[in-house]
Amino acid sequence: MKKILYVVMAALVLVACNPNEPKVISKDKKMLDKASQEAVSLIGQKKKTVVKALEEAGFVEIEKTTLDPIAERHGVTKRQFDETTQTLYFAYNPGDEDWEGLDAMDVDDIAEFIESIVKAKKVYLELQIVFDEGLLVGIQGNIVAGKEIQNINQLYLLCSKNIYNSCSDEKKWEGTIYETYADYSDYKNADTFSGDRKREKFETAISSAEPTDGLYVEETISDHNETIDNNVFASLGWSNPDEDQVEMMEDNDFLPYIYGFFYFGLD
């Protein structure tokens, strides 16, 4: 009996000390794990259902009046910003009770807030969610976390896997990895992967990236959602600053941080 208990305890220790786990605060990792498993399924759901799911995950509604420029870049259609739609904003790990999002702050205050997130090994998210006739048609968001967090790129891979696996076998997927953000800007040094057979190589490339690499990742998924009988689209991105970007951040009194972004919605 004792031998069995020792084996079980040893297994639990191995699970708890997984060397590949991103070392962010446990609560935040669990939230991202669960949220990324459910994000696609929220498309087409009623406002009450969506808001309840966000609040239960720890998000709070915030006031925000400006649209993030990522909206136009990552597939949010003009129809979704029509006057007949409703847009709400939410934040996870906001700064205070009167939080209005990063856009409402000056550079010094942003630097101070990001420093608090990085030092605490937390994850900060801002969401913009769009309803049409009371049904969710799009979610887009931004993620901030510290670059120096151990295995930080595994945080992206965790979410990426969950989203990929939550789609049907008929999905169309493509991922591109650039060595640095500068390479992305210049459209060079890119490895593109598409289809199920290339997925494992894509995940391996992210897992094997060195912490000092300026990894820049983009993914797109198109799929048909049988529940709402409509096509859905997901776009994901992850920017891990390279040495030049880290130096620039530090010169401007920013602690080095990761920037992630995503969109889920009707195609």
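Colleague: Which residue in the turn of the E3–E4 hairpin has a positive phi?
Modeller: Heads-up: this is a predicted model, where local features need pLDDT of at least 70, side-chain atom pairs count only at pLDDT 80 or more, and totals for chains, interfaces and linings use all residues. Residues are numbered from 1 along each chain as its sequence is written, and side-chain values use heavy atoms, with hydrogens and water left out. Strands (E, at least two residues) and helices (H or I, at least four) are DSSP runs numbered from the N terminus. E3 and E4 have 2 residues between them in their hairpin, and the turn residue with a positive phi of about 55° is Glu133.

Colleague: OK, and how many bridges hold E3 and E4 together?
Modeller: Two strands pair if DSSP finds at least two bridges between them. Strand E3 covers residues 124–132 and pairs with E4 in the antiparallel sense. One of these partnerships puts Tyr124 opposite Val144 in E4. The bridge count for E3 and E4 is 9.

Colleague: Val144 has a bridge partner in E9, too. Which residue is it?
Modeller: E4 also pairs with E9, through 9 antiparallel bridges. Look across from Val144 into E9 and you land on Tyr259.

Colleague: Is E4 mostly covered or mostly uncovered, and how many of its residues are buried?
Modeller: Buried means under 20% relative accessible area, exposed means over 50%, and partly exposed is in between (1.4 Å probe, protein chains only). By that yardstick E4 is mostly covered, and the buried count is 11 of 12.

Colleague: Zooming out, which strands are at the edges of the sheet?
Modeller: The open sheet has 9 antiparallel strands in the order E1-E2-E3-E4-E9-E8-E7-E5-E6. An edge strand pairs on one side only. That picks out strand E1 (60–62) and strand E6 (190–194).

Colleague: What does the twist average from one strand to the next?
Modeller: Axes are lines fitted to C-alpha atoms (for helices, over the stretch in contact), and angles run from 0 to 180 degrees between N-to-C directions. Going from one strand to the next, the average twist is 15°.

Colleague: At what angle does H6 run to E8?
Modeller: Helix H6 (residues 152–166) lies across strands E4, E5, E7, E8 and E9. Another helix, H8 (residues 196–207), lies across E5, E6 and E7, at about 30° to E5. For H6 against E8, the angle is about 170°.

Colleague: Which residue in E8 is the bridge partner of Ser222?
Modeller: E7 (216–225) and E8 (230–239) run antiparallel and share 10 bridges. They form a hairpin with 4 residues between them, and Asp229 in the turn has a positive phi of about 50°. Ile221 stands opposite Ala234, while the partner of Ser222 is Phe233.

Colleague: And on the E9 side, what does Ser235 pair with?
Modeller: E8 is mostly covered, with 8 of its 10 residues buried. E8 and E9 run antiparallel and are joined by 8 bridges. Ser235 has as its partner Tyr263.

Colleague: Asp223 is buried, so which side chain of opposite charge is nearest to it?
Modeller: Asp223 is in strand E7. Lys and Arg count as positive and Asp and Glu as negative, with His and the chain ends not counted. Asp223 has no salt bridge (a side-chain nitrogen of Lys or Arg within 4 Å of a carboxyl oxygen of Asp or Glu). At 6.8 Å, the nearest side chain of opposite charge is Lys171.

Colleague: What is the length of the polar contact between the side chains of Asp223 and Ser168?
Modeller: A polar contact is a pair of N or O atoms within 3.5 Å; within protein, one must be able to donate a hydrogen and the other to accept it, and residues adjacent in sequence count only if both atoms are side-chain atoms. Beyond four places in sequence, Asp223 is in contact (heavy atoms within 4.5 Å) with residues including Cys167, Glu170 and Asn230. Its side chain and that of Ser168 are joined at 2.6 Å.

Colleague: How far apart in the chain are Lys161 and Glu203?
Modeller: Their side chains meet in a salt bridge of 4.0 Å, N to O. Lys161 is in helix H6 and Glu203 in helix H8, with a separation of 42 residues.

Colleague: Why does Glu203 count as buried?
Modeller: Lys161 is partly exposed because its relative accessible area is 35%. Glu203 counts as buried because its relative accessible area is 18%.
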